[in-house]
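Take a moment with the sequence and the model below. The paragraphs that follow start with strand pairing and work outward to the whole chain.

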Amino acid sequence: MPDSVYKVIELIGTSSDSWEKAAANAVGQAAKSLRDLRIAEVVKLDVQLDEKGNVEAYRAKLNVSFKFEGS
């Protein structure tokens, strides 16, 4: 395997259904503009609450790495 360099970015995905869908939404959106996605690591899960304390949205914070193509 040749030497490679990877860049890591932080993303937050949201879903009204689940943390899994929130993470998938973040990765899916990143895949539309980034090439060679490698690893997505979930680093934090939380929920957004409405004014009555009910769950309004699930949120997943991820570190996503992709192959860096420098100039």
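Strand 1 pairs with strand 3 (residues 55-67) in the antiparallel sense, over ten bridges. Strands here are DSSP E runs of at least two residues, helices are H or I runs of at least four, and both are numbered from the N terminus. Two strands count as paired if DSSP finds at least two bridges between them. One bridge can be picked out by name: Thr14 has Arg59 in strand 3 as its partner. Strands of a sheet pair through backbone hydrogen bonds, either parallel or antiparallel.

This is a predicted model: local features need pLDDT of at least 70, side-chain atom pairs count only at pLDDT 80 or more, and totals for chains, interfaces and linings use all residues. Residues are numbered from 1 along each chain as its sequence is written, and side-chain values use heavy atoms, with hydrogens and water left out.

Now the sheet as a whole. It is open, has three strands in the order 1-3-2, and its pairing is antiparallel. Strand 1 (6-15) and strand 2 (37-49) are the edge strands, each pairing on one side only. From one strand to the next, the twist averages 15°. For such angles, axes are lines fitted to C-alpha atoms, for helices over the stretch in contact, and angles run from 0 to 180 degrees between N-to-C directions.

Look next at Leu45, which lies in strand 2. Is Leu45 buried or exposed? Leu45 counts as partly exposed, because its relative accessibility is 43%. The cut-offs are under 20% relative accessible area for buried and over 50% for exposed, with partly exposed in between (1.4 Å probe, protein chains only). Leaving out residues up to four places away in sequence, Leu45 touches Trp19, Arg59 and Ala60. Contact means heavy atoms within 4.5 Å. Ile12 is 33 residues from Leu45 in sequence, and their C-alpha atoms are 9.5 Å apart in space.

Step back to the chain. The protein chain has one helix and three strands. Along the sequence they follow the pattern β-α-β-β. The radius of gyration is 15 Å, well over the 11 Å that the globule rule gives for 71 residues, so the protein chain is more spread out than a compact globule. That radius is taken over C-alpha atoms, and the rule is 2.2 Å times the number of residues to the power 0.38. The C-alpha trace spans about 55 × 20 × 20 Å along its principal axes. Of the 71 residues in the protein chain, 18% are buried.
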